[in-house]
Amino acid sequence: MKKKKRNNTIAEKKRTMAQDIKLEKIDDFRWSIPKAGGMRVPGMIYSSEKMLESISMDQSPAQVANVAHLPGIVKYSLAMPDMHWGYGFPIGGVAAFDANEGIVSPGGVGYDINCGCRLVSTGLQFNDVRNRISGLVDALFNQIPTGVGSRGKIKLSRGDEKRVCIEGAKWTVKNGLGCADDIEHTEDGGALPGADPDAVSDRAYERGIDQLGTLGSGNHFLEVGLVDKVYDSLTAAAFGLHEGQVTVLIHSGSRGFGYQVCDDFLHKLTKHVRTLSLDLPDRQLACAYFDSPEGAQYFSAMACAANYAWANRQALMHLTREVFERYFSMAPRDLQMRLVYDVAHNIAKKEVHVVDGVKRTLCVHRKGATRAFPAGHPHVPDAYKTVGQPILIPGDMGRNSYVMVGTEKAMEETFGSCCHGAGRLLSRHAAVKKAKGRIIYREMEDKGVVVRAHGRSTLAEEMPEAYKDISDVVHVVEGAGIAKKVVRLRPLGLIKG
Amino acid sequence: MFSQHTSVTFNLMEHYRLFDHTADLGMEFFGESLKKLFVSAGIGLFDVITDLNEVNPSWHFNIEIDGIDIEDLLINWLRELLYLHQVKKMLLKEFVIDEIGETFLKGYAVGEPIDEEKHVVKKEVKAATYHGVELREEAGQWSARVVFDL
């Protein structure tokens with residue numbers, strides 16, 4: 001190939017623009033990015049003044065502006081206070097697109113399709129486990145496959161994988177790993193409709209064959225904790241939570257199956273988007289019109305991966321129940337391990353929302369954001385109908401996590417969405433540098449948190465200082481009125497990849 | 001069989017460096033030619049994944065891919081290497097590009113299956129993303145920036 005000087009001035013200009021994004025204060029918890037250039041709508045960021053400093057340090061505000069360029073976007077491109085620099089869409093981003101005129105984008109969902117959280121309550125109190133945490137965490141670490149490329153005990157035939165794609169968590173329960181109540185307490189009953197196994201590639205099936213019931217690596221974890229503060233006792237009681245109660249929080253997703261679905265469609269839609277004459281500010285924003293064969297195919301494949309993730313978290317919860325039963329020598333009826341809720345935070349959903357007084361069908365992308373529906377919404381489980389949907393917001397491994405509840409304000413303002421976690425502050429690379437010479441698991445033990453992980457670098461990358469302070473994040477969403485605190489959880493021990 | 005290899009010297013600084021990205025892993029690759037740049041991308045990726053000194057070059061995989069342009073071709077090359085790693089459970093250490101154009105590449109990668117007794121897989125790299133992907137040539141030096149999702 002003939003060498004040529006490549007012209008990168010456009011890319012460089014875009015990067016410069018990224019650093020020039022101006023944020024205008026709306027109130028103490030909301031900031032606007034005014035419409036400029038090719039933006040079809042403004043951006044809106046939920047943040048306090050205190051949190052804005054770290055947000056402005058990376059390119060995430062520019063990514064909020066980039067998303068606003070996409071066709072059919074409704075009202076504004078949103079970001080939650082846990083936002084940080086992602087690829088294409090920011091992590092912590094929410095964007096809704098008109099189902100007739102708008103797009104769907106694999107980058108707006110992410111690689112780990114339906115990465116999410118599942119909270120399990122138990123009949124155990126802190127005193128029951130106080131002196132047994134270390135042994136419990138060891139038992140969990142030994143029995144639950146974690147870490148890079150972890151393979152599970154559940155081997156799926158291609159036929160099984162296709163059934164998982166359609167049935168999601170119901171497949172896991174049908175195969176003896178759970179009970180009917182678990183399904184009732186899972187977002188969308190643990191299975192998105194419209195999943196088409198034929199839309200999924202052979203490579204995705206190959207990657208998913210032995211990963212059901214595995215936690216994975218990176219920021220995925222399984223944490224034993226306790227309810228250490230109750231803010232709203234009525235709602236907490238409806239969720240079956242009370243002070244001093246032992247809980248389990250599981251954070252995982254669709255594993256290699258979902259990563260492959262995302263990658264396959266980024267590959268396809270990068271070509272497809274050229275036929276649409278869209279001027280995208282970032283190639284990772286590749287998309288198709290929702291109401292087009294290409295858009296429909298991605299949406300059906302994404303639903304398969306979302307359902308795989310629900311099946312996975314259901315299997316992980318079952319393994320956890322088995323470990324607890326053996327370790328405490330207690331029967332299920334005494335342990336009372338009940339699913340409080342399972343919620344996705346990397347997903348695109350077809351939902352009906354009222355926009356400027358008119359009901360519209362939208363494709364809502366939540367990329368590192370959690371659904372947050374209020375009391376009375378038809379998609380909230382019957383048991384929680386009078387209080388609203390539980391929102392699960394894990395903090396870093398040394399600090400608290402929160403259970404919040406959805407509000408009407410979230411329906412009006414954020415398409416029923418809220419934050420999903422603490423949000424990274426340091427890059428993994430920077431965190432490893434900062435952890436040099438330190439023994440993170442010992443520091444955690446000093447804080448009263450027992451940690452088991454495969455790699456030292458995982459612990460360094462995931463150390464508390466690598467994340468924003470979760471209490472700052474929940475302060476913003478509560479202050480803005482898009483969620484309400486119900487209880488706070490304190491970690492006792494956790495396993496990581 | 002592998003006599004045509006450009007011998008791989010693991011002076012890794014020549015091949016790549018890491019740059020900060022809050023969520024993921026940013027990598028910048030270098031090469032004195034487009035072919036060498038693609039080789040560096042393979043070496044850099046697998047150096048992040050494992051200790052290359054522990055990998056024997058005993059299995060050979062032919063790779064032929066295309067792309068809509070040179071950046072897409074680079075992402076597709078990395079995609080193919082990640083597929084061999086994640087699905088075929090391979091660790092790769094040597095990379096040869098026989099032919100390359102703006103939209104087409106023919107070459108092969110050499111390595112061996114993951115042996116849990118011998119190899120440490122340090123990182124799970126989910127995918128090579130298109131976010132901010134850039135490939136450039138200045139005064140005979142080629143470089144490329146890629147963000148990987150972890």
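**Reading the interface of chains A and B**

Trainee: How many residue pairs are in polar contact across the interface of chain B and chain A?

Mentor: In this predicted model, the rule finds 18 such residue pairs across the interface, with both residues at pLDDT 80 or more. On the side of chain B that touches chain A, the elements that give two or more residues are β1 (16-20), α3 (70-86), β6 (127-128), β7 (134-138) and β8 (141-149) of chain B. The largest share of that side, eight residues, comes from α3(B), and by class the side has 16 nonpolar, nine polar and 20 charged residues.

Trainee: What makes up the contact, and what area do chain B and chain A bury between them?

Mentor: The contact takes 45 residues from chain B and 46 residues from chain A, and the two chains bury about 4,400 Å² between them, 49% of it on carbon and sulfur atoms.

Trainee: Why is the pair B:Arg79 and A:Asp263 called a salt bridge?

Mentor: The closest N and O atoms of B:Arg79 and A:Asp263 are 2.9 Å apart, and the cut-off is 4 Å between a side-chain nitrogen of Lys or Arg and a carboxyl oxygen of Asp or Glu, so the name applies. Across the interface of chain B and chain A the rule finds eight salt bridges, while the structure holds 44 over all chains.

Trainee: What makes B:Gln86 count as buried or exposed, and what does this residue touch?

Mentor: B:Gln86, whose place is in helix α3 of chain B, has 13% relative accessibility and therefore counts as buried, the cut-off being under 20%. Leaving aside residues up to four places away in sequence, B:Gln86 touches A:Arg207, B:Val125 and B:Lys126, and a polar contact of 3.1 Å joins its side chain to that of A:Arg207.

Trainee: Why is α3(B) described as largely enclosed by the rest of the structure, and how does its reach compare with the expected one?

Mentor: The description follows because 17 of the 17 residues of α3(B) are buried. From first C-alpha to last, α3(B) reaches 24 Å, close to the 24 Å expected at 1.5 Å a residue. At the start of α3(B), a side-chain oxygen of B:Asp69 comes to within 3.3 Å of the backbone nitrogen of B:Glu71.

Trainee: How do you know that the span of helix α2 of chain B agrees with its number of residues?

Mentor: The 16 residues of α2(B), 34-49, should span 22 Å at 1.5 Å a residue, and the end C-alpha atoms are 23 Å apart, which agrees. Of these 16 residues 14 are buried, so α2(B) too is largely enclosed by the rest of the structure.

Trainee: What does the salt bridge between B:Arg17 and B:Glu28 tie together?

Mentor: The closest N and O atoms of B:Arg17 and B:Glu28 are 2.7 Å apart. B:Arg17 lies in strand β1 and B:Glu28 in strand β2 (residues 25-31) of chain B, so the pair ties together parts that are eleven residues apart in sequence. At 38% relative accessibility B:Arg17 counts as partly exposed, whereas B:Glu28, at 12%, is buried.

Trainee: Which parts of chain A does the pair A:Asp202 and A:Arg158 join?

Mentor: These two residues form a salt bridge with closest N and O atoms 3.0 Å apart. A:Asp202 is in helix α9 (residues 202-208) and A:Arg158 in helix α6 (residues 158-167) of chain A, so parts 44 residues apart in sequence are tied together.

Key
Residues are numbered from 1 along each chain as its sequence is written. Chains are lettered from A and ligands numbered from 1 in the order in which they are written. This is a predicted model: local features need pLDDT of at least 70, side-chain atom pairs count only at pLDDT 80 or more; totals for chains, interfaces and linings use all residues. Side-chain values use heavy atoms; hydrogens and water are left out. Contact means heavy atoms within 4.5 Å. Buried area is the accessible area (1.4 Å probe) that two parts lose on being put together, summed over both. A polar contact is a pair of N or O atoms within 3.5 Å; within protein, one must be able to donate a hydrogen and the other to accept it, and residues adjacent in sequence count only if both atoms are side-chain atoms. Helices (H or I, at least four residues) and strands (E, at least two) are DSSP runs, numbered from the N terminus. Ala, Val, Leu, Ile, Met, Phe, Trp, Tyr, Cys and Pro count as nonpolar, Asp, Glu, Lys and Arg as charged, and the others, Gly among them, as polar. The expected span of a helix is 1.5 Å times one less than its number of residues. Buried means under 20% relative accessible area, exposed over 50%, partly exposed in between (1.4 Å probe, protein chains only).
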